[in-house]
Amino acid sequence: MAGTLEPHLEALRRELPAAGPAVLSVLLALLAVAITFLIWRFVQGRRSSRKAVLLLGLCDAGKTLLFARLLTGRYRDTQTSITDSSAVYRVSNDKSANVTLIDLPGHESLRLQFLERFKAAARAIVFVVDSVAFQREVKDVAEFLYQVLVDSTVLKNAPALLIACNKQDVTMAKSAKLIQQQLEKELNTLRVTRSAAPTSLDGSATGSPAQLGKKGKDFDFSQLPMKVEFVECSARGSKGEEGDADFEGLEKWLAKIA
Amino acid sequence: MSGEGRWQGLYGGLLAAGDPLAMIFLPQERGGNNSFTHEALTLKYKLDNQFELVFVVGFQKILTLTYVDKLIDDVHKEFRDKYRNEFQQKGTLGLLNGTFDFKDDFMRLLRDAEESSKVRAPTVMKTFEQSLKSQKTVKCMIETRGEKPKEKVKNKKNKGSKKEGIEAVTAPGKASAGDKQPSAAGEKEELTKDEILQKNREEFFKRHMKAGEKSRSPKPEAQKEKGKKPRVWDLGNSNAKVLDYSNSATNGSAEACPVEEFDPDIALGDRNREPGRLYDLEYESDDEAEEEKVIQNPSKPSAKKGGLGGMFGMLKGLVGSKSLTREDMDPVLEKMQDHLIAKNVAAEIAAQLCESVAKKLEGKVMGTFTTVTSTVKQALQEALVQILQPQRRVDVLRDVMDAQRHRRPYVVTFCGVNGVGKSTNLAKISFWLIENGFSVLIAACDTFRAGAVEQLRTHTRRLNALHPPESHGGRTMVQLYEKGYGKDAAGIAMEAISYARNQGFDVVLVDTAGRMQDNAPLMTALAKLIAVNAPDLVLFVGEALVGNEAVDQLVKFNKALADHSMAQTPRLIDGIVLTKFDTIDDKVGAAISMTYITSKPIVFVGTGQTYCDLRSLNAKAVVAALMKA
């Protein structure tokens, strides 16, 4: 290699002075621009990696309304999302800290696709749970949560996880403690059944070696590599559409994360 | 699209569809038409891919409003133009904060649309006196009074009406010849009745002069009753006689066929073969490689030729943001459609898929450094993954555990056409269940096929040998419930389920006979079995080798199940078992066809004949195999 390079370098060295100062200066300028560009990209990459907070959850959990409330404070009528939306959220007390909130659709056919796209950039995950319909939907909630937790990228990055028990303004809403217990029980069963599922087609067993928590003991959220918190909130707010949303716990957690 | 309701026109309070709105967009992968019915409403939608907007109009299903399409187009244009700035500059926060006061504009557009649909006044039906028919009959009668009455009259009617028809055809600009319809009257008003009659009379006299000429009147269209005019089609003026080009001399007579020289050499072909022996198929894999090389070579020079032109196009596409048009995407989509069909996706499904991808991408602004091909491929890949992603949970073990807790057996029914592998995969699934500690009762409801019961008995024996009762706390893990041949399958299934409940079995696997989807009595019998026994899971077993047939099979099976069920929400196919997956290399299109039709997940994949050859579907791997060139 060095042998082939040598004559080329020689040729270059001979030609450069001969080309004249104008060409030389142009070449130097180009080199400077290239270096600046590379440095800028590198810095960008460092800064923007993992600045996102993902809003996940089942369909109709209240993610989009929560998103709107956090950003604008106002109530909006929402429809089922079919694509993601993202915006920068400034933490209230600390002006400099800001995170990018990303609201992902909850529909079964779309959720995994969008999770794939954004999971690498996630610094924290807010998993929104519909506290009213929880009893009915506990299996689906647990299944989605399981899929999020055993994902290899999520396990590697270990983003902070907040489980927001939404719709607390309704009287029949379950408390965060109850939701935590039920989820733990359900996830306990799920890790047994999921790991026993037939292996995937191409042999790469996706998800089955990842064992949630410790083997011998019952599943507990404290066994996970990331910090998990439960918080109650209400995106609609107790005063309905005119008033504010009740989510101080959520805001405080976001401030902590940023 | 991101879920915030930008503006909701609750005109008439009809639009309260809610979640079904999302259903519009997932069946977006399901075909080209842009309307959708939900309960009493019909929803028509339009996508704007550039700004990621959706426009939905809902109206009552019983109304047939003709101006909806136009209205939605107008609304789209106005909204987009009015708020173009907001979309382009302000981003998500702007969208959240902005108010979109579109109500007045919408009302105005709606009024315009309604009025425009009323402008075309319905044409008034002509009364009998006005119609040409009445005029004609009378006049004709008057004409032919002196001559032979009946036949002549009929003939003349023939000719006259035919002439009239032809007049109508040749009438400038008025093409419709069916003058039976009163609605066509509006178009023929230029030719007044008198003019027509005048012309007819002239023609008639002309004909009358030429004595020997016989005009071939259209016989089949000839009147069966007086006054009815034959409809004259442009291409259909001739009758069967005219179209019969066969030689009348030789048709049908045995002597007419000249006896050919029968050459036994040509007929038999290979002289050296041994009589009675069946030879193997000669298969050389080298041919395939050669064919591939041959195909590649012609494509290379064409790539070079298109290279220069393509370079400029590519450069143009690289610089600046281009929005995708239909013409750009068409060649790429055609290629992708052919590619999918080559991978064994059913033809109509490939067409619908490409159509929906085109709809999704139309008008979208491409980023820099992306080509049309890559964008389309990306979108198609996403659509395929989305199709394969189950819309309900696929966890059989979890549901079995649930049923266990309620002390009732979990019933799974296998159905499908003949020879797809129901019994084999039933054995594999029971092995898997036993490995996970559940006891299984196999119900032999295939009372028709010879050896079906024996096959299951052999499987049971083998499984019990593999998992003897001693290793599972003394209980037999698998047992066969059979009642021999010829009995009613639904009855056996019911008895098996109650037996399982009594004996405490966890799972009941019901094996049914294979049946063709066109065989109505058998489909009825299957539907009855499922309706009566209400299984927890109805699995359709389909083989991966099937091509376009998959569509027909699944549609007819679902239809049969829906038709014969008494319940409000009939039990349809809940999941698919894709078998013989090891026989296809990467032509995995059958998976797409099946999930597209039913929108139910593929629960298991069978990849061989041993008990361990049971897999679950990996959507990404399948899509990768599909998109691989």
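Which residue just after H20(B) takes a positive phi? In this predicted model, the residue is B:Ser599, with a phi of about 50 degrees. The helix that precedes B:Ser599, H20 of chain B, spans residues 589–598 and is mostly covered, as 9 of its 10 residues are buried. The buried set consists of B:Gly589, B:Ala590, B:Ala591, B:Ile592, B:Ser593, B:Met594, B:Thr595, B:Tyr596 and B:Thr598. A UniProt feature from an unreviewed entry, "domain: SRP54-type proteins GTP-binding", is placed at residues 601–614 of chain B. Across residues 601–614 of chain B, 43% of the span is strand and 0% is helix, and the end C-alpha atoms lie 16 Å apart.

Chain A has 258 residues, of which 46% count as buried. The secondary structure of chain A comprises 8 helices and 6 strands. Along the sequence, these elements of chain A occur in the pattern α-α-β-α-β-β-α-β-α-α-β-α-β-α.

For residues 20–40 of chain A, UniProt gives the feature "transmembrane region", again from an unreviewed entry. In the model, residues 20–40 of chain A are 95% helix and 0% strand, and the C-alpha atoms at the two ends are 31 Å apart. A nonpolar patch on the surface is formed by A:Leu24, A:Leu28, A:Leu31, A:Ile35, A:Ile39, A:Phe42 and A:Val43. Together, the residues of this patch have about 670 Å² of accessible area. One of them, A:Val43, is placed in helix H2 of chain A, which covers residues 21–48. A:Val43 is classed as partly exposed because its relative accessible area is 38%, a value between the cut-offs of 20% and 50%.

A surface patch of another kind occurs on chain B. There, B:Glu327, B:Asp330, B:Glu334 and B:Asp338 gather in a patch of negative charge. B:Glu327 belongs to helix H11 of chain B, residues 326–342. The relative accessibility of B:Glu327 is 60%, so B:Glu327 counts as exposed.

Over all chains, the structure holds 21 salt bridges. Within chain A, A:Lys119 is paired with A:Glu116 in a salt bridge whose closest N and O atoms are 3.1 Å apart. The two partners fall into separate classes of exposure: A:Lys119 counts as buried because its relative accessibility is 12%, whereas A:Glu116 has a relative accessible area of 37% and is therefore partly exposed.

Within chain B, a salt bridge is formed by B:Lys559 and B:Asp563, with 3.6 Å between the closest N and O atoms. Both residues lie in helix H19 of chain B (residues 549–563); because they are 4 residues apart there, about one helical turn separates them. B:Lys559 and B:Asp563 are both exposed.

A further salt bridge links the two chains. A:Lys139 is bonded in this way to B:Asp402, and the closest N and O atoms are 2.7 Å apart. The pair runs from helix H5 of chain A (residues 134–149), which holds A:Lys139, to helix H14 of chain B (residues 396–405), which holds B:Asp402. A:Lys139 is partly exposed because its relative accessible area is 23%. For B:Asp402 the relative accessible area is 13%, so this residue is buried.

Helix H14 of chain B also contains B:Val400. B:Val400 counts as buried because its relative accessibility is 1%. In sequence, B:Val400 and B:Asp536 are 136 residues apart, but in space their C-alpha atoms are 9.5 Å apart.

A second pair of residues separated in sequence involves B:Tyr481, which lies in strand S6 of chain B (residues 478–481). Its partner is B:Cys445: the two are 36 residues apart in sequence, with 8.9 Å from C-alpha to C-alpha. B:Tyr481 is buried because its relative accessible area is 12%, which is under the 20% cut-off.

Definitions and conventions:
Residues numbered from 1 in each chain as written. Chains lettered and ligands numbered in written order. Predicted model: local features only at pLDDT ≥ 70, side-chain atom pairs only at ≥ 80, totals over all residues. Heavy atoms only, no water. Patch = residues over 30% accessible without salt bridge, like charges linked within 9 Å, V, L, I, M, F, W, Y side chains within 5 Å. Areas by Shrake-Rupley, 256 points an atom, 1.4 Å probe, with all protein chains shown as cover. Salt bridge = Lys/Arg side-chain N within 4 Å of Asp/Glu carboxyl O. Lys, Arg positive; Asp, Glu negative; His and termini not counted. Charge placed at Lys NZ, Arg CZ, Asp CG, Glu CD. Buried < 20%, exposed > 50% of the residue type's maximum accessible area, 1.4 Å probe, protein only. UniProt positions renumbered as here; feature names shortened; annotations may be inferred.
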